[in-house]
Amino acid sequence: MIKPFRLVKNIFGMAIFFGAVWMLLTWSNAGIFSLHSFNQISIPLAVKNTVCYVNYNDDRPHVNNSENLKMIYYVTPTYPRPEQVPELMRLAHTLMHVPRLHWIVADDQAVCSDRVLKILRQTGLPFTHISSPKPFIYKTSNFPRGVANRRAALEWLHENVSNGILYFGDDDNAVDLQLFDEIRTTKKVSMFPVGLIGNYGVSTPIVKDGKVLGFFDSWPASRTFPVDMAGFAVNLDFLKDSANMPFIAGHEEDKFLVSLDLDIDDIEPLASNCTKILVWHTKTVKQKKATLKININKLGSVAKYHNFANLLREISTLGLADLDSENGIKSFITRNRKTYETVSDI
């Protein structure tokens with residue numbers, strides 16, 4: 001006869017087992033988990049990408065867009081944060097000087113951002129705007145940022161473009177205009193140094209007589225190609241249908257290049273045999289978004305503060321700060337170094 005305690009223990013164990021099986025099957029059907037997820041090149045996604053807007057026209061009268069130049073497809077992953085608009089604006093003012101360039105901006109949010117679209121339209125560049133949120137399984141984990149965005153851009157390129165040059169440029173990178181002239185010559189895969197990377201201050205191929213012998217990077221991590229995302233360009237003729245980028249932090253570049261069946265002898269070193277730095281991995285200091293205790297409608301009704309209220313609405317729209325009539329930081333207007341007026345009291 002089974003003792004009551006043992007019976008309860010067995011029932012509890014079976015409940016856990018069948019519960020685990022049920023969750024496994026449910027997650028597999030939902031695309032959140034599957035046995036294929038152990039394949040580091042392909043992870044099922046439980047998200048939907050949206051092509052928000054495509055503009056093929058180049059409206060820059062000051063740029064010589066000779067069709068003899070190969071089109072550069074500059075892929076920029078981005079995500080909403082207080083620094084997003086100034087980062088994109090700064091990069092835009094570099095790209096606006098580059099002839100024959102199509103800017104692909106893939107944004108890590110589930111909606112098409114009007115703020116991002118406005119910047120793209122102001123440039124006069126040909127562009128593609130994509131909404132490409134990260135997979136659900138990475139919402140609260142230390143996910144490899146930018147992978148979902150780059151994968152969405154690769155999908156768009158496979159479906160819409162047959163030739164040109166692919167380059168991955170983050171929204172916080174600083175780029176010398178000379179780099180664009182050089183990568184346009186890429187036949188398969190070109191590589192070049194990237195400044196401000198890791199403990200060495202640079203990530204670069206080592207070159208002798210025009211051939212890559214090895215790599216100088218402070219985080220080799222058993223990678224075949226230990227390079228930074230900004231340190232290579234790919235001719236789209238060499239971009240295979242199987243080319244992909246995994247959700248493995250630190251290995252995105254390497255696995256992507258390996259998926260191209262790239263051989264070290266195929267690499268074309270640029271930047272004077274990798275002796276010059278033409279791109280830097282700069283990083284803007286992160287700002288915590290503030291919440292200001294301000295009744296914006298009440299403030300806007302005061303004639304002398306009408307313009308000030310419009311400015312506050314602008315910083316809210318740009319994501320620089322939130323406005324709340326009940327909670328947040330008390331802010332002040334000062335006059336003559338001695339007079340302080342609490343904005344929330346206006």
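Start by selecting Pro220, which lies in the loop between strand 10 (211-216) and strand 11. The model on screen is a predicted one. Pro220 is partly exposed, with a relative accessible area of 45%. Add His251 to the selection: this residue is 31 residues from Pro220 along the chain, and the two C-alpha atoms are separated by 9.9 Å.

**Nonpolar surface patch**

Next, show the surface and select Tyr200, Ile206, Leu213 and Phe216, which make a nonpolar patch of about 390 Å². Of these, Ile206 is found in strand 9 (residues 202-208). Its relative accessibility is 37%, so Ile206 counts as partly exposed.

**Aromatic pairs**

Turn to the rings. Across the whole structure, a search finds 10 aromatic pairs. Select Phe168 and Phe232: the ring centres are 6.1 Å apart and the planes stand at 70 degrees, so this pair is edge-to-face. Phe168 belongs to strand 5 (residues 165-168) and Phe232 to strand 11 (residues 232-235), so the contact ties together parts 64 residues apart in sequence. Both Phe168 and Phe232 are buried.

Move on to Tyr305 and Phe308, an edge-to-face pair with 6.4 Å from centre to centre and 65 degrees between the planes. Tyr305 is buried, at a relative accessible area of 7%, whereas Phe308 is partly exposed, at 28%.

For a group of rings, select Tyr74, Tyr167, Phe180 and Phe192, which form one aromatic cluster.

**Charges over rings**

Which ring does the charged end of Arg121 sit over? Select Tyr53: the charged end of Arg121 is over that ring, 4.6 Å from its centre. Then select Phe238 together with Lys240, which lies over the face of the Phe238 ring at 5.5 Å from the ring centre.

**Strands 2 and 3**

Now select strand 3 (residues 101-107). How many of the seven residues of strand 3 are buried? Seven of the seven are, so strand 3 is largely enclosed by the rest of the structure. Show the side chains: Leu101, Trp103, Val105 and Asp107 point one way, His102, Ile104 and Ala106 point the other way, and all are buried.

Add strand 2 (residues 72-78), which runs parallel to strand 3 and is joined to strand 3 by seven bridges. To find the register, pick Val75, which stands opposite Ile104 in strand 3.

**Salt bridges**

Finish with the charged side chains. Side chains of opposite charge can pair when their charged atoms come close. The whole structure holds 10 salt bridges by a search.

Select Arg60 and Asp58, whose side chains meet in a salt bridge with an N to O distance of 2.7 Å. Arg60 is buried, with a relative accessible area of 4%, while Asp58 counts as partly exposed at 27% relative accessibility.

Then go to Glu83 and Arg81, a salt bridge in which the closest N and O atoms are 4.0 Å apart. Glu83 is buried at a relative accessible area of 7%, and Arg81 counts as buried at 9%.

Next, select helix 2 (residues 84-95), where Arg90 and Glu87 are three residues apart and therefore separated by about one helical turn. The side chains of Arg90 and Glu87 meet in a salt bridge of 2.5 Å, N to O. Glu87 counts as buried, at 3% relative accessibility.

For the last view, select Arg81, Glu83, Glu87, Arg90 and Asp171 together: salt bridges with shared partners join these residues into one network.

Conventions: Residues are numbered from 1 along each chain as its sequence is written. This is a predicted model: local features need pLDDT of at least 70, side-chain atom pairs count only at pLDDT 80 or more; totals for chains, interfaces and linings use all residues. Side-chain values use heavy atoms; hydrogens and water are left out. Rings of Phe, Tyr and Trp (its six-membered ring) pair if their centres lie within 6.5 Å; planes under 30 degrees apart count as stacked, over 60 as edge-to-face and the rest as tilted. Helices (H or I, at least four residues) and strands (E, at least two) are DSSP runs, numbered from the N terminus. Buried means under 20% relative accessible area, exposed over 50%, partly exposed in between (1.4 Å probe, protein chains only). A charge sits over a ring if NZ of Lys or CZ of Arg is within 6 Å of the ring centre and within 35 degrees of the ring normal. Patches are made of residues with over 30% relative accessible area and no salt bridge: like charges are joined within 9 Å, nonpolar side chains (Val, Leu, Ile, Met, Phe, Trp, Tyr) within 5 Å. Accessible areas come from the Shrake-Rupley method with a 1.4 Å probe; for residues, only the protein chains shown count as cover. Two strands pair if DSSP finds at least two bridges between them.
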